[in-house]
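Me: I have a new structure open and no idea where to start. Can you walk me through some parts of it?

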Amino acid sequence: MKLESLNAYENAYRRSVEDPEGFWAEVARGFAWQKPFTEVCSWDFEGPSVRWFADGVVNITENVLDRHLASRAGQTAIHWEPNDPASPRRSFTYQQLHDEVCRVANGLKAQGFGRGDRIVLYMPMVPELLFAVLACARIGAIHSVVFAGFSAHALADRINDAGAVAVLTADGVQRGAKTIPLKPVVDEALGGCPSVRKVWVFPCTGEPVGMEAGRDVAWADAVDGRGGVCPAEPMNAEDPLFILYTSGSTGKPKGVVHTHGGYMVYTAYSFVNVFQYSEGDVFWCTADIGWITGHSYLAYGPLLAGATQVMFEGVPTFPDVDRFWAACAHYGVTHFYTAPTAIRALMVHGDEPVKRHDLSALKVLGTVGEPINDEAWHWYHRVVGEGRCPIVDTFWQTETGGIMLSGLGGLSPMKPGHAGYPLPGIQPVLLRADGSEIEAAGEEGHLCFKHPWPSILRTTWGDHERCRLTYFSTHPGHYFTGDGAKRDADGMFRIIGRVDDVINVSGHRFGTAEIEEAINQAPGVVESAVVGYPHDIKGQGICAFVVGSGTAVAQEACDSVVEGIGRVARPDRVLVVPGLPKTRSGKIMRRILRKIAEGRADELGDTSTLLNPEVVSALVLVSKQTA
Ligand code: WT7
């Protein structure tokens with residue numbers, strides 16, 4: 001499975017394009033199957049319908065856990081680093097991880113949960129979250145992790161969309177010096193979620209929480225005495241493994257669906273090859289399991305590969321800005337994977353906090369989630385990587401399940417700001433708006449893929465047509481990412497960014513429409529428009545133009561976003577304006593708003609054809625006053 005040279009990559013790539021089925025069948029045979037597959041891939045991007053290894057029977061957790069017990073039962077699977085460095089660290093061998101997962105799985109079964117049930121996890125980054133994710137998979141339930149920064153309203157939407165029967169949560173979460181309650185958020189959400197029968201509560205903060213008789217169960221009561229092996233439920237390769245909600249340009253977030261077989265094969269393959277992980281290495285992905293990166297490159301990929309990894313509960317700046325580097329030194333981290341936003345936030349504190357620590361074990365650095373600017377790339381490379389560690393800039397999406405474009409740590413050439421080359425099995429194309437293909441270097445186009453890979457999304461939960469419309473209708477016969485990209489003369493890809501109304505804030509995705517919908521709930525707000533703008537640390541910031549009345553309308557707009565979506569989507573700037581620029585047909589001219597938010601009001605061009613050209617000067621004025 002592991003490519004050991006650039007030449008091996010090139011050969012594998014060629015083979016994967018000439019004979020995708022032969023290529024992936026060989027990779028997939030390296031896993032433990034309860035019943036081997038004979039069919040490899042059937043697909044059409046019109047339906048769309050994609051099936052991989054469809055007649056195979058497999059449970060991903062047998063490959064995450066059981067398969068390792070013969071050779072690495074005593075090897076550390078997880079080093080857990082708590083938010084507060086003074087709290088006890090916890091670590092788990094593969095045997096212990098197996099036993100913990102079985103205990104939670106047995107607890108879930110004892111309450112009558114099983115195959116096909118949707119279970120929502122709304123938890124901090126404690127080991128129990130990982131146990132719960134794998135326990136759901138173990139019994140054939142479909143997990144849906146909701147990042148613990150989302151609001152009650154957003155949580156309720158996701159629970160209801162999935163029809164979840166249980167919610168696993170904690171009393172609260174400690175993030176840096178702050179304590180944030182979670183159970184009260186769940187209680188509020190569940191007022192409108194009739195499908196939920198049980199709530200498990202893990203004690204993290206020790207704050208007292210209300211427990212509803214018959215519904216709420218203390219974690220210990222649910223799992224104590226549930227020891228013993230829980231056999232892995234035999235799953236069809238195409239059975240759903242999880243749903244993960246992600247934002248798009250329209251409507252409510254969509255539940256992206258991934259499956260046991262294809263997701264397993266692709267996350268393991270991409271992990272080993274992109275990071276060039278070797279036996280004895282220590283991998284650390286800093287992402288929260290609430291996002292896809294934490295699913296694919298913490299909960300699944302590395303464990304499928306039998307890796308030792310770090311799982312971190314806290315934030316990069318607590319108790320000090322050297323937290324990442326202190327932990328890297330402590331665990332002898334060899335592979336470190338984080339987001340550009342974290343690098344930029346730490347870079348402003350200079351080199352000294354990094355230099356305080358011995359980072360000589362580091363071999364490969366990774367970045368993900370948003371384009372990385374040259375300055376951050378060079379700092380990461382020079383200071384953190386001491387000029388000797390290759391950087392892999394990994395482009396992928398919730399929908400792709402795994403890394404699509406990236407260097408292979410140390411094997412392939414790298415260039416700042418460039419994700420690089422497609423992984424074997426990945427066939428990217430750049431298309432113009434009219435669907436014609438861009439072959440030459442330098443021209444920007446829509447980044448699409450023309451052949452399925454094992455971990456492509458299968459559907460959006462409960463609404464297959466939405467999946468077709470969103471990803472497969474813009475360029476018929478292709479999966480469309482929503483991103484613009486270019487290829488350079490060396491064939492390396494550079495991601496320019498989203499071409500739709502999606503904003504990428506600190507590597508997290510939000511639709512402008514969903515933020516506007518939340519803002520419009522505020523009492524004094526008449527209408528609003530949201531755009532992204534370049535932000536030094538976050539990559540993109542959220543700028544809201546709000547038309548409304550009352551002295552507190554800006555604050556109300558922010559509160560409304562925190563209530564409707566969560567603190568993760570709080571606008572960075574709110575401009576209270578007398579009107580929004582509109583075309584004669586009443587459409588908001590976002591182009592003008594974007595320019596104003598970017599501070600480039602001098603580039604507005606001709607605005608005289610607007611329905612209300614007079615608002616433009618008022619917008620410019622407000623923007624200068626609140627800059
Ligand atoms: C969007 C996907 C799966 C990674 C975490 C985010 C942007 C992702 C890169 C990169 C430039 C990137 C794209 C993509 N993106 N990685 N290496 N360089 N942009 O997952 O929330 O599904 O967002 O993140 O715009 O479409 P996500």
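**Starting with one residue**

Reply: Let's begin with Asn 106, which is found in helix H4. Keep in mind that this is a predicted model.

Me: Is Asn 106 buried or exposed?

Reply: Asn 106 has a relative accessible area of 16%. Buried means under 20%, so Asn 106 counts as buried.

Me: What does the side chain of Asn 106 reach?

Reply: The backbone oxygen of Arg 226, at 2.9 Å.

Me: And which residues is Asn 106 in contact with, leaving aside neighbours within four places in sequence?

Reply: Arg 226, Gly 227, Gly 228, Val 229 and Cys 230.

Me: Where does helix H4 pack?

Reply: That takes us to a sheet. The sheet is open, has 7 strands with mixed pairing, and runs in the order E4-E3-E15-E14-E16-E17-E18.

Me: Which strands stand at the edges?

Reply: Strand E4 (90-93) and strand E18 (391-394). Each has a single partner strand, so one side of each has no neighbour in the sheet.

Me: How much are neighbouring strands turned against each other?

Reply: By 20° on average, with direction ignored.

Me: Back to H4, then.

Reply: Helix H4 (residues 94-110) packs on this sheet and touches strand E3 (76-81) and E4. The direction of H4 makes about 95° with that of E4.

Me: In what sense do E17 and E18 pair?

Reply: Strand E17 (residues 364-368) pairs with E18 in the parallel sense, over 4 bridges. For Leu 365, the bridge partner in E18 is Ile 391.

Me: Different topic: which way do the residues of strand E21 point?

Reply: In E21 (residues 428-431), Pro 428 and Leu 430 point one way, while Val 429 and Leu 431 point the other way. All of them are buried.

Me: Why the alternation?

Reply: Because in a regular strand side chains alternate between the two faces of the sheet.

Me: How does E21 pair with E22?

Reply: E21 and strand E22 (residues 445-449) are antiparallel, with 4 bridges. One bridge joins Leu 431 to His 446 of E22.

Me: Last one, helices. At what angle do H12 and H14 cross?

Reply: The axes of helix H12 (residues 340-347) and helix H14 (residues 374-384) cross at roughly 75° and come within 10 Å. The two helices are therefore roughly perpendicular to each other.

Me: Which residues make that contact?

Reply: From H12, Ile 343, Arg 344, Leu 346 and Met 347; from H14, Glu 375, Ala 376, Trp 379 and Tyr 380. By class, 6 are nonpolar, 2 are charged and none is polar.

Conventions: Residues numbered from 1 in each chain as written. Predicted model: local features only at pLDDT ≥ 70, side-chain atom pairs only at ≥ 80, totals over all residues. Heavy atoms only, no water. Axes fitted to C-alpha atoms, helices over the stretch in contact; angles between N-to-C directions. Parallel < 35°, antiparallel > 145°, perpendicular 65-115°, else oblique. Contact = heavy atoms within 4.5 Å. Nonpolar A, V, L, I, M, F, W, Y, C, P; charged D, E, K, R; others polar. Buried < 20%, exposed > 50% of the residue type's maximum accessible area, 1.4 Å probe, protein only. Pairing = 2+ DSSP bridges. Polar contact = N/O pair within 3.5 Å; in protein donor to acceptor, adjacent residues only side chain to side chain.
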